[in-house]
Structure formats: structure tokens, C-alpha cells
Amino acid sequence: MTTLRDSILTHLKYALGKDAGHASLYDWRTALSLAVRDRIVDPWFASTRATYEGHEKRVYYLSMEFLIGRLLEDNMVNLGLVDEAREAFESLGLPLEQIIMDEPDAALGNGGLGRLAACFMESLATLGCPAYGYGIRYEHGLFRQRFEGGRQVEEPEDWLIQPNPWEFLRPEAVFEIGFGGEVAHTGDRAVWRPSESVIAEAHDTPIAGWQGRWGNTLRLWGAKPTQLFDLDRFNRGDYAAAAEPEALARTISRVLYPDDTTEEGKALRLKQEYFFTAASLRDLLRRFDSEYDDLRILPQKVAIQLNDTHPAIAGPELVRLLVDERAMSFEDAMETAQGCLSYTNHTLLPEALERWSEGLMTHLLPRHMQIIERIDQAHARQYPARSVTVLEHGEVKMGELSFIMAHKVNGVSALHTDLMKDTVFRDLHALHPDRIVNQTNGVTPRRWLLSCNPRLSDLITSAIGPDWVGDAERLAELEPHVSDAAFLDKYASAKRANKVDLSVWIRDALDISVDPDAMFDVQIKRIHEYKRQHLNILEAIAHWQEIRDNPNANWTPRVKIFGGKAAPGYVFAKEIIHLINSVAATINDDPVTSKYLKVVFAPNYNVTLAERLIPAADLSEQISTAGKEASGTGNMKFALNGALTVGTLDGANVEIRDHVGADNFFMFGMTAEEVFERREVPHHAAQAVASDPRLARALATLRDGTFAKDDASRFAGIAGNVSGADYFLVSSDFTDYWRAQREVDAAYRKAPHWMHMAALNTARSGWFSSDRTIRGYMADIWGAEVAAPLRRIAAE
């Protein structure tokens, strides 16, 4: 077999047209990526052949986001090529780490939803479950975040400015996707005649599982015009108009989550959702048709998972394809679609369950509006006493539509699933008591421990062997070692080395000096009121004030680290970012307190930044209002890497605390039930502020210009919210949060005991592997099996 070094040099010469003496960092990175991709292709092809030969059921995972991050190191780790690559580049006089870091993050997601999808794709391949991921190939993704005067500034992401070496263009896999127009009826048959259309073009990225035993496909759709260029307009001198068809088509796959505060933004969002869903359904039906000729067995061979409500239009679209293009009766089509579809709910926030106006739906997707009405009517006939509808007050409720059109609906943590039954889907659950199931989220240990934290993973492997990588629950075998002082010393050394690395990066990238012996207290997630970054920074302000009052006390040095983006149209969230940066500027320059407390906000949070921060974290901030976070996956990554959690009993925090032990988790705040009760108390926030002088004093700084010398009222809106309506109960949870943080301080000062708790978090977090989650989906929702070749390997 050709060595990796030879393959790199071959690609450098023949794919990139360079020799070793003139190659840039980009050239070397691309040549290495192509060489690694070559090693993926054979198992990828073999997996496809085995799926066809075994007539295996396929899983189709539809998601608006796939936050895959950098793939080079991920693929080398899964294929066992890291050492060979390092040796190859050492012989060429180049550092492998520099080449790995040259790769841009694929800007295909925003937060937990997209990262979960990426973890699931890796676990599906690791387990050998035949699957496709379907999404959009965003040219610019979400946005690149920078700060100007402490405020978030959004810039276009440019990850595709260089060719993506991992993808294969599939020009033969194209579908024309229509919008608008009218519906004509001929007898019982409806014919939709769209008034505009675009071409969906497939780009395939192979996803290799652990040890390269199986490969699945991430198929992303790019939008192209049906008419590339208007030559007549160009020849008449109307050059901009000549290129208009291409520009309008590409808009669909240009940006993730365009601002939908305008009608144009809403229309673009709905177009995006239909575009990728429709292309994906036609693609999977084409694949089904190549093997079978009986549509009645579609649910036996096809499982379609809707990752949140973004692909909810899949229900009406699949019915349309079966009825209008395959001549199936409406009743049979609806039953067939329900047999294929399942839906993952990710939110208990009613405003986050998508709703589209009937007017917009009728304008953009007139045939689908008719089908949605028939679905709603069919459900009403089946359940005449129902109190819930899909259509209400001139809106189409996509959460209810997803529920009705799915045979299974799952929550993503035990608490979230229970709350779904009691809140957002209470009435539908009463009608369909067996439909809701739980599948607690997980993360892949290959990326989120083995790859991102090599010091800790090497220590684990030296203690218990390498089998934990493919079976994370074997991390439990670490428990006997946690009582060994020598093991804990090595564990502490690995953590400190990671913190030194992060300290150097913070100094070099952000020009802030931090002490690696201080506690690294990290909150990284998208900025939202329910995630309560403002609770965190208010506690930091109160803590700063206490240190200033008594600077000679026995304070525990702490570095508070934030990361996350706010949606461009979410004004309050952007003000939280501005506040954090303004507080950081003041606190970090305070000569009295800076040796005890610093605040860092790392810009442009993405997968690569998470891989830098999580291994160095001592404390994981999981402080959402109880009952609002569906699950979280960052909480799992932190625990796996030995960060202790300070958190509410929300989402998967409940299960993390159960697994790692209550003594190794700093709990605070109200329960979900207590949250509901507290909101009914008149003036609850004012009462909380009045009863806690620390909170009142911290809020006063937001009104008196302490952190905004040029505009004393700049952050008065945040103060008014927290002391007024305070829907997310920041004030009511502040006092207990303060208590928990002082317990954290005391525990951190007891270094050996802290490391013991941290190591127990690692040993007891193996259950939170996405491999375990995917096994649950396969058994409880999809009815899918491990492919025959891997079943034979397991049997042997």
C-alpha cells in the first residue's frame, strides 16, 4: 500500500500543481486532507455496497445544522493515521499541528443542535448503521463574530473561500425545487405549477467511524439557478440583472438562519427549510426506487429523523410526492409518511416552536398548504374531541404538525421529555400516550476526549487500555485509580498543562494575562436569556465588589471565560455581550482585584474554540432557568474532561448529577416546578432584589455608569429586566447561585479533593456517549440494525 507520505507528495504534485520547495501551508494541508480522504473512500464504498447487498434499512437525518468543525484531525484519529502523518511531516521538516490548525471550521451550524447532529453522524458510522445526513451547504454559515467597543459585530463567514477537500460534487444528483405558483385540479389529481424554481445540487462528505470500519454520507445541498445567466439582458447592457437569477438562487444556501424579523427574512427561512427537505426526500425516494417497487414497504426500509421543526415540511412534502406523483391515496400516503417520520423536539420555549403565517405558506407552498389543511382535518376526524390544532389564528404550527406526522417524538433528556408531556405537547400526548419517548443526548468521545484532550486520553489509556474509545462506558474502569495519589497527580498535571496552553492562547490572541493556577470558570453557549449569561456576569460584579471591600481576604483566584454568539436580531442578547465585555474591561484593569478575578470573552465561538477551552476548564457553568434547557451537550463534554458543574436541575444536568454523584456537582436554584410557582408570585424579582444586598448593589452598577462612563444608562435595560419582569428568574436564583459559587471556591482550595472529584466526573461520564444515544434511537424509534458486515465482526 502507498505510504501516507507518498500519497501526500503525489497529491501535492498532481492535484495542486506544486513541488515541496514551493508549497504553502494551504498546499500541504490540502494534500494531507486528500491523502486522508483517499483512505476513507474504500470503506465508504464498501459500506454503500454492503447496504445495497443486504437490503438494509437506512436512516436519513434531516437537520438545518451540522456543526462538524475541522475534519482533518477527526478523520486521522478515527483512521489511526495521526502517528504516520506526524512522521511524514517530520521527515519533510514541517509541524503537523500547524497544518491541522490551518483548516477552517466548516461554518455549517450555530450551537448544540448542529453539534449534536455532527456527533450523531460520527456515532452512526462508528456503530455501522447505514445512514445519510441531509442539510444545506452554507457558503457563509452563521457569521463570524468580532467585538468593536465591546459590541458584537457580525461579518460573513468565509470558510469556502478555499476549496473544501472533503467533499465530492455530485452533478448527477440534482433536483428542481419549486416555490409559489398555483395548483390545478384535474378530477382527483392535483398539479402544482411553481412560478419559480432553483436547482438543488448535492455535495457529499464521507463520514468515517471509529477505526474506519464503516462510512456514511453527509449530503449537503447547494442552490443553483435553473437559468445560470441571462445573455439577452447582458447584451443590452443590464449587467446586474443578467446575473440576478444566480444571485437569487444562491441566497437560499448562503447564510444559516437569516434574520427573520422582516417578511423577506421569514420567506427566505421557509424557502431554505423546504429547499433542503424537498431535495432530501426526492433523493431518498430515488434510492428506494432503485431497489424496491412497492411503496407500501417504505417504512420498513426508510427512517427519516427530523432534527427539530426546521424540516417539519417533510410530512406534507412526502404526502405530496406519494399522492401527486405516485398516485397513492391520501389516507395511505399519510399513514406511510407517519411510518417513516420521527421528530426530535429541542425546546420547551413556545416561541421557538416555529410558526408560519398561512398567507406566507400559501404564497410559497400552495399545494403544501392544502395538504396541511387535509392533515389537520384527518386528525380532527380521528380525534373529534381534540383541543389542539395545526392551524390556529392564521398560523401553521410546525411543532404540532411534526408531532402529528411522526410515529415517534423524542425529548433529549429525561426531564425535558417529562416536561414535553406536561407543557408544549400536553394535549397531543393525551391523544397519543405512546408516541413520546426519551433519548438523552450524548457526545462522541473520539472528538470530545481522545482528540481534543490527548494528555488526559493518554493517561486514561495507560490506566485501563484503549477499549474505552469505542465503548465509553468502560471509563468506569477508572474508578479504582481515582483513589491512587499517583494517578491523581498525573491527572492534575494533564489539567494544568492544558490550562497553560490556554493561558498562552489568551495572552497571544486577546492580550489578556491570566494565571493558569487560577480556577478556569467557563460558560460557552449561544447567548440567550434562558441560558442566563447575565446571571453569571452579575455574580462576577458582586464578587468583584466584595474583593474590593476586603482585598486581603483569602480569595480563590478565578478566571471567568465566556464564549457564544447572539442572533443578529436578538437585541437583549447582544446587550448581554456588551455588558460582559464592558465589565471585563473594568475588572481586568483593576489593580486591587485583578490578581483574584479576571473576565475573558473569547470571540467567534466555534468547535475549534470549544476544543481549546473544554480540556482546560475547571468549572462548567450550566445555569439555565430550570425547565428551559432541553438537554445540553456542552455539560457532557465538560464533565467528560474533568470539569465540575455548577448548575441547576435543568436538562441533562439532572442525569449528569445522578451519574457523577451529588457530592461531585454544585447544585443551586429552583426546580422546574418551583420556577412555575415563582412566576405566579407578584413582584417576585423586586422581592429577590430587596432581600439580597449583594444583588441590589451589583444591579446599581448597571444604572450608575460604573461600566459605561460615557453613558450611565447604557445597561439600565438589563437592570430593569432583572429587577422587573425577570421571566427567567435571574434575581430569584441569584442568592443561591452566590452560595454555590462560594462552595466552589472552598472546594477548589482543597486541590487533591478537587482533582478527586474531577477524575470521578471523567470516570462516570461514559454513559453520555452519543454511541449510547444512537443505539437507543435504533432500537426505540428507527427499527434499524447494525449492518451485516459489522454484525458478523461483533459475533466473532
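Mentor: Before we start, one term: a cavity is a set of grid points where a 1.4 Å probe fits but cannot get out. Keep in mind that this is a predicted model.

Trainee: Okay, so how many cavities of 30 Å³ or more does the structure hold?

Mentor: Seven of them. The largest cavity has about 160 Å³ of space.

Trainee: Which residues are closest to the centre of that largest cavity?

Mentor: Glu103, Trp159, Asn164, Pro165 and Trp166, out of 18 residues that line the cavity. Sorted by class, that lining has 10 nonpolar, four polar and four charged residues.

Trainee: And pockets? How much space lies in the second largest pocket?

Mentor: About 1,100 Å³. Its lining counts 33 residues, and Glu73, Ser451, Cys452, Asn453 and Pro454 lie nearest the centre.

Trainee: Which elements give two or more residues to that lining?

Mentor: Among them are helix 3 (72–79), helix 19 (445–451), helix 20 (454–464) and helix 22. As for residue classes, the lining of the second largest pocket has 15 nonpolar, six polar and 12 charged.

Trainee: Let me zoom out. How many helices and strands are there in the protein?

Mentor: You'll find 35 helices and 22 strands. The C-alpha trace spans about 85 × 70 × 65 Å along the principal axes.

Trainee: How does the radius of gyration fit with a compact globule?

Mentor: It agrees: for 796 residues a compact globule would come out near 28 Å, and the protein has 27 Å.

Trainee: Now sheets. What's the strand order in the open sheet with six strands?

Mentor: The order is 19-18-17-20-21-22, with parallel pairing. Strand 19 (597–601) and strand 22 (665–667) sit at the edges with a single partner strand each, so one side of each has no neighbour in the sheet. From one strand to the next, the twist averages 20°.

Trainee: What packs on that sheet over by strand 17?

Mentor: Helix 22 (residues 485–510) does, touching strand 17, strand 18 and strand 19. The direction of helix 22 makes about 65° with that of strand 17. You met helix 22 already, as one of the elements lining the second largest pocket.

Trainee: And which helix lies across strand 20, strand 21 and strand 22?

Mentor: That's helix 33 (residues 751–763), running at about 90° to strand 21.

Trainee: How many bridges are there between strand 17 and strand 18?

Mentor: Six, in the parallel sense, between residues 519–524 and residues 558–563. Look for Val522, which stands opposite Ile561 in strand 18.

Trainee: Where do side chains go along a regular strand?

Mentor: They alternate between the two faces of the sheet.

Trainee: Switching again: how do strand 3 and strand 4 run, parallel or antiparallel?

Mentor: Antiparallel, with five bridges joining strand 3 (residues 144–148) to strand 4 (residues 151–155). Arg146 has Val153 in strand 4 as its bridge partner. Their hairpin has two residues between the strands, and Gly149 there takes a positive phi near 65°.

Trainee: Last one. What about the open sheet of three strands, what order is it in?

Mentor: It goes 12-14-13, with antiparallel pairing. Strand 12 (355–357) and strand 13 (391–392) are at the edges, each with a single partner strand, so each has one side without a neighbour in the sheet. Strand 13 is joined to strand 14 (residues 395–397) by two bridges, and Leu391 stands opposite Val396 in strand 14.

Technical notes: Residues numbered from 1 in each chain as written. Predicted model: local features only at pLDDT ≥ 70, side-chain atom pairs only at ≥ 80, totals over all residues. Heavy atoms only, no water. Pairing = 2+ DSSP bridges. Helix = DSSP H or I, 4+ residues; strand = E, 2+ residues; numbered from the N terminus. Axes fitted to C-alpha atoms, helices over the stretch in contact; angles between N-to-C directions. Contact = heavy atoms within 4.5 Å. 1 Å grid on protein atoms, 1.4 Å probe; cavity = no way out; pocket = protein on both sides within 12 Å on 5 of 7 lines; lining within 4 Å. Points joined across faces, edges and corners; volume = space filled by probe spheres on them. Nonpolar A, V, L, I, M, F, W, Y, C, P; charged D, E, K, R; others polar. Rg over C-alpha atoms; globule rule 2.2 N^0.38 Å.
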